[in-house]
Structures are given as C-alpha cells and as structure tokens.
Amino acid sequence: MATLGDISQRDGASDARDNVTKPEGRPGPLNQINRDPVENWQRGGFGLYLHWPFCLSKCPYCDFNSHVAARIDQREWQDAYLAEIARAAGETGERVLASVYFGGGTPSLMDPELVAAILDAVRAGWRVVNDLEVTLEANPTSVEAGRFRGYAAAGVNRLSLGVQALDDRDLAALGRLHTAGEARAAFDLARATFSRVSFDLIYARQGQTPEAWRAELGEALTMAADHLSLYQLTIEPGTAFGTRHAAGRLPGLPDEDRAVALWDITQEMTGAAGMVAYEVSNHAVEGAEGRHNLVYWRGGDYLGIGPGAHGRLTLDGIRLATEAPRAPTAWLQAVRQGRGELPREALAAGDVLAERLMMGLRLAEGVTMAPGDLPPAVAARIDMLVSDGLMWRETGRFGVTATGRRLLDAVLREILADQGGSQPDSDI
Ligand code: SF4
C-alpha cells in the first residue's frame, strides 16, 4: 500500500540533499536513460500515501507492515502525522496534489476526527486538484462500517473495501474477522455513502474450483462496484501461511494449470462486464481507475508518511527513494526527533528505468517513452518480445499483450536481463 504528507518551512529542500545516499556509478546501457527524470513525475502526477499500521488481528497470508496493539493513542498519532505532513509540505508545497491514500494496516480503525485533521493539514500544505481523490481502505466489519459517514464528512470520497471472499468458510480460513453477509452490508452502506467504491477479492484459494470462482466473481460483478482489485493468493515467506505451506499443511492450493484457468476466467468475466484489467490485478469501469495507484504505475512522485511507508521524490532532477522506520514505536520516536524518515537513496539511472518498466508494464496502456530513450539492447529485446506476440509497440509507447501478461515476470526478466538491479520477484 501507499502513503503521503504535510506543511511548513520552505528550506526543507536543503535537508533533503544532506540526507541522501549517493548512487553507485553503474556502467551499462541503462545509464543512457533518465535524461529528464522530472518529466516522469510531471506526467505521472503527485500523490500522498499515509500508512496506518494497526489491525485487529493478523491475517495468516499478510506480509504488510501491520501490527496488533492493545492500546492506540490516536491523539499521539495525529500529532505525528501532522508533524510529518508539515515537514513534507515544507519541501514539496509548490506541487499540486492529485491523490491521498490511507492504507495499512486497517485505516478504518482510525477515528474519523483523526482523518479529518490529516485532510485539513493536507489542504493547508499543498494546492490540490479540484477533484482530489481521497481513498481509505476499510475492513467490512459492522463496527468499521459505522464510521463510514464520519470518513465521508472528513473528505474521503473513495472507499476500498477488503472483502477478500464472499464465502464464510473461506473467510474463516483467510483469518478474516467478518462474514460474507457483513461484507455485503458494508458494501451497500459504502455505495450509499461514497461516490466511488472499490473492493478486493482474493482468488486461487485452497480448494477453490473454477466453477466456484466463476460463481463468486459473478456475484461480485453484480454488486455495482466501479472498481475491483482481484488478487491471486500468494504464499509469502515469514507469514503464518508461509510456515504452514513449508510444513506441507496448506493443502488444496491450485497447481499451475488451475491457476491459469482461474486467471482466464477472471479476464473473460471482467471483460464481458465492462471492467477490463487496466492493470494486472485491477479492473474498473471507464473513468473509475484508481488515480493514486496510477501515480505509482506511471512513474509519478509520491510521498510516504507513516511507519514503513515508501516514497519517490524528484528534486533538482534527482529521483530519490524514501522510506520511513518500519516499527510504529520507532517511527513515532523518529518523528519526535524531527524526521520520520530514514536516509534517502538517490536512484541510479538504471534503477530508475528498471522501476519505470516494472511498474508501467503492469498497465494495459503500457509505458510512454520517446523512441531513443531506451538503451539499444533493451529496445532490441522488446522488439523480440513483440515478434513473439508477448508485447506490442507503437510510436512512443509499448506494452505487454494479454498473452504476455500471464507471463509478466518472465517478460520483465527478459527485458531487464543484464541490468543487475531490482528484478520482478513474483508471478501473476
Ligand atoms: S487486515 Fe489487511 S493489513 Fe491487516 S493483517 Fe489482514 S491483510 Fe494484513
């Protein structure tokens, strides 16, 4: 998930320089790119991600930065968020903010008053677009649904509901604290409260047949969300599912053939319903695409505020990676000392391009790049993938075909071969 920031002194930019780790010089063709990194953030937009790190319990598949706490002092957290927002706005306040995203964790555990105070500070810190998108992730328990109206009054205009399954037995297996009935009720209330509503489903679950997924997705598509995020269950190391899987105690996960069948059903049914995948796992009716995540995928700049939040910031033509301390107490302590952020890293040109391709090629629209901006070796590999039917290319733009999307990680590994930087690490 993503995060963003606040207002204050205008001389913060010099702090940014002092706090930067210089990039290693990296010989190689990718250093030919990044002639104008500023253009990427201007085209991609500018957003703010705020991370709320607490949940009521830990789901066994979850590897997000989420924690269960006996007691949370929301006032203390408000002071910290507002301080970081002020610091961030002091550095970037001249930019125009297009989106704010409350992610987590479970942001629907935040008091609506806390969300309102944060959004007031955001509007004081930056100029914002007329139709600022403000998304909040929520779990569909009845208690959290009771806060929806308060969030709307605070300025949230898009809710992202973590429904995950429409089957009670599977919800229990996923460690979720809500039932399918509660999820449907929360969704109806969200539709009546917010102008835009998205929800998440996890598929390729234990024992899930193509027929069962077809029925469940069919119901989801009748629920009139404008946006659906449909993720295949992945087993991450370090999670409870990861431990069980390693011990052979997680039976019924789909083999490759069944995973492909489930993927194909997803594309076929969402396409027929007018909710095509504008990104690998994200589907929307036209015009309802999540603008915040588009900032990431289009290579825009975004601020990350809150424990473990990452950001990307282009200052004086240098693309910086930012990261906040991960543990909630460590982040609060760092904020109290004046800076809730770890030392920044200036990204090498090759890493900027690799990231741009890894993010942008998730989109159906592909990557906009002028001919000649790509190193010749990379361009040649793309040409080869085009002739294999896995990619498409037109003037100033290229992307991955529907066939290539099934194999996206392999396609990316091929394009980025020999670069030695970040590489894709998970299959669809
Ligand atoms: S509610 Fe979301 S963030 Fe919290 S543990 Fe479950 S999956 Fe992770």
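**View 1. The two sides of helix H15.** Turned away from the buried side of H15 is a face with the exposed residues Pro-376, Ala-380 and Ser-387. (Exposed means 12 or fewer other C-beta atoms within 10 Å of a residue's own, buried means 20 or more, and C-beta atoms are placed from the backbone; helices are DSSP runs of H or I with at least four residues, strands are E runs of at least two, and both are numbered from the N terminus.) This is a predicted model, where local features need pLDDT of at least 70, side-chain atom pairs count only at pLDDT 80 or more, and totals for chains, interfaces and linings use all residues. Residues are numbered from 1 along each chain as its sequence is written. Val-378, Ile-382 and Leu-385 are the buried residues to look for in H15. They share the same side of H15 because they cover an arc of only 60 degrees around the axis (the arc is that of the directions from the helix axis to the C-beta atoms).

**View 2. What H15 packs against.** The buried residues of H15 pack against strand E15 (391-394), strand E16 (397-400) and H17. After H15 comes Gly-389, with a positive phi near 80 degrees.

**View 3. H15 meets H17.** The axes of H15 (residues 376-387) and H17 (residues 408-415) come within 9 Å and cross at roughly 145 degrees (axes are lines fitted to C-alpha atoms over the stretch in contact, and angles run from 0 to 180 degrees between N-to-C directions). H15 brings Val-378, Arg-381, Ile-382 and Leu-385 to the contact, and H17 brings Val-411, Glu-414 and Ile-415 (contact means C-beta atoms within 7 Å).

Key: Contact = placed C-beta atoms within 7 Å.
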